[in-house]
Amino acid sequence: MKEKLKEILKNGLQKVEELVDLKALDEVRVKFLGKTGELTQILRGMKDVPAEERKEVGSIANNVRVKLEEAITNKLCELENAKLLADMEKEKVDITEPSKGTKKGALHPLTRFNNKFMQLCVEMGFTVIQTPEIETDYYNFEALNVPKNHPARDMQDSLYITDTILMRTHTSPAQVRAMETMKPPFKIVCPGRVYRNDNDSSHSPIFNQFEALVIDENIGLKDFMTMVKEMAVRLYGEDVKMRVRPSYFPFTEPSIEIDATCQMCKGKGCSLCKGTGFSEFFGGGIVNPVILEMSGIDSNKYSGFAFGPGIDRSVMVTNKIPNIKYLFRNDLRFLKQMK
Ligand code: DAH
């Protein structure tokens, strides 16, 4: 029995020593110390050992068990440490490796133009306001002196949602909303998206405008022209030239169309400006007193001027964009060229 125990110890220690992985270690533990393991069998057979030897054999057997357990625990630590080191080696990050670089985004050309124009307006004392993109027929047309069946409604091919609600066709409803809620004198500008049933290389169903409105006492066309000239100079530089043509809008009287030096050819004449050297800057005029009265402003005391530039055309020209749709597609290949 003593011999058998010695052999188990020798065999067991040797097996543990030779092991290289955790699974095999567990198998060895089961083989010697498990419920049906070799040592366990012997301990179970102790009752057959003669009484005078039992104490000594028992103590040897116990010793063997302690030694084997100790060897297995040590091996377990050793194997686990080795695994941890191997894992760390695998996950090592080389902090000296050069970075792949970060990709820098850029503002959309419409946003850049919008920011520039808003900045300019704020510097000139305007308050920036926002009004709804989904408008009522009243604010979009009626309150701007465009009653139902008025031929001017044909100038703007509208996208109706119900009989009385539509996508705003221009930012001019901001005029009415401002006059109804603000106390004169005031200067407002409303940037935003507008919608029309229009679709070709220079027209998109969605495009962008500003609406600017100035209401004060004793102001007229001369003040309007001075302000517009100042805006054009700040936008396009000192040598910008302007010209004025008569026009018609139901909400202004008189109405004018203002052209500025074509930014594509800088006034030399090109296909865009049809050789004239000028391109359309915006339409506007002196606010029709009918509009003032409808919105609750005393037209004997106050007067005003308003104008509404579209910005997409300017952005297309300054960035040499051939089709307005590129501005709305969010195609990365296009946007990368616009940085
Ligand atoms: N709302 C007009 C349009 O979309 C532009 C416009 C013209 C705005 C004259 C004005 C204005 O404020 O006075 O065509």
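A strand is a DSSP run of type E with at least two residues, a helix is a run of type H or I with at least four, and both are numbered from the N terminus. The exercises below concern a predicted model.

**Exercise 1. Overall form**

Determine how the radius of gyration of the protein chain stands against that of a compact globule of 339 residues, and set beside it how far apart the centres of domain 1 and domain 2 lie.

Solution. Begin with the expectation: a compact globule of 339 residues would have a radius of gyration near 20 Å, whereas the protein chain has 43 Å. Next, take the box along the principal axes, which for the C-alpha atoms of the protein chain is roughly 130 × 45 × 35 Å. Then turn to the domain assignment, which gives domain 1 as residues 2-91 and domain 2 as residues 109-337; the C-alpha centres of these two domains are 90 Å apart. Finally, for the inventory of secondary structure, count twelve helices and nine strands in the protein chain.

**Exercise 2. Burial, surface and charge**

Find what share of the residues in the protein chain is buried, and describe how its accessible surface and its charged side chains are made up.

Solution. Of the 339 residues in the protein chain, 42% are buried. The accessible surface comes to about 20,100 Å², and carbon and sulfur atoms account for 53% of this area. For the charges, there are 49 positive and 47 negative side chains, with the centres of the two sets separated by 4 Å. As a last step, consider contacts between residues at least 6 apart in sequence, of which 65% join residues at least 24 apart.

**Exercise 3. Two charged residues inside secondary structure**

Decide whether Lys-75 is buried or exposed, do likewise for Asp-259, and list what each of them touches.

Solution. Locate Lys-75 first: its place is in helix H4, residues 51-90. Lys-75 counts as buried because its relative accessibility is 6%, and the cut-off for that class is under 20%. Beyond residues up to four places away in sequence, Lys-75 touches Val-16, Glu-17, Leu-19 and Leu-25. Asp-259, by contrast in location, is found in strand S7, and its relative accessible area of 2% places it among the buried residues. With residues up to four places away again left out, the residues that Asp-259 touches include Lys-241, Arg-243 and Arg-245, as well as Phe-278, Glu-280 and Phe-281. As a check on distance, the C-alpha atoms of Asp-259 and Asn-199 are separated by 24 Å, although these residues are 60 apart along the chain.

**Exercise 4. Cis peptide bonds and the start of helix H8**

Identify where the peptide bonds ending at Pro-185 and Pro-254 are placed, and follow Pro-254 to its contact with Leu-221.

Solution. The bond from Pro-184 to Pro-185 is cis, with omega near 0°, and Pro-185 lies in the loop between helix H7 (173-181) and strand S4 (186-195). The bond from Glu-253 to Pro-254 is likewise cis, with omega near 0°, but Pro-254 lies in strand S7, residues 252-261. Leu-221, which lies in helix H8 (residues 221-236), is in contact with Pro-254, Ile-256 and Ile-286 once its neighbours within four places in sequence are set aside. With a relative accessible area of 35%, Leu-221 is partly exposed.

**Exercise 5. Loop residues**

Establish which accessibility class applies to Asn-149, Lys-274 and Glu-142, and state the phi values of Asn-149 and Lys-274.

Solution. Asn-149 lies in the loop between H6 and S3, and its phi is near 70°, a positive value in a residue other than glycine. Since its relative accessibility is 78%, Asn-149 counts as exposed, the cut-off being over 50%. Lys-274 has its place in the loop between S7 and strand S8 (278-287), with a phi near 50°, also positive in a residue other than glycine; at 73% relative accessibility it counts as exposed. Glu-142 is found in the loop between helix H6 (137-140) and strand S3 (165-167), and at a relative accessible area of 26% Glu-142 is partly exposed. Outside its neighbours within four places in sequence, Glu-142 is in contact with Asp-137, Pro-147, Lys-148, Arg-153 and Met-294. To finish, Glu-142 and Asp-298 are 156 residues apart in sequence, while their C-alpha atoms are 19 Å apart in space.

Technical notes:
Residues are numbered from 1 along each chain as its sequence is written. This is a predicted model: local features need pLDDT of at least 70, side-chain atom pairs count only at pLDDT 80 or more; totals for chains, interfaces and linings use all residues. Side-chain values use heavy atoms; hydrogens and water are left out. Domain bounds come from an automatic or database domain assignment. The radius of gyration is taken over C-alpha atoms; the globule rule is 2.2 Å times the number of residues to the power 0.38. Buried means under 20% relative accessible area, exposed over 50%, partly exposed in between (1.4 Å probe, protein chains only). Contact means heavy atoms within 4.5 Å. Accessible areas come from the Shrake-Rupley method with a 1.4 Å probe; for residues, only the protein chains shown count as cover. Lys and Arg count as positive and Asp and Glu as negative; His and the chain ends are not counted. The place of a charge is taken as NZ of Lys, CZ of Arg, CG of Asp or CD of Glu.
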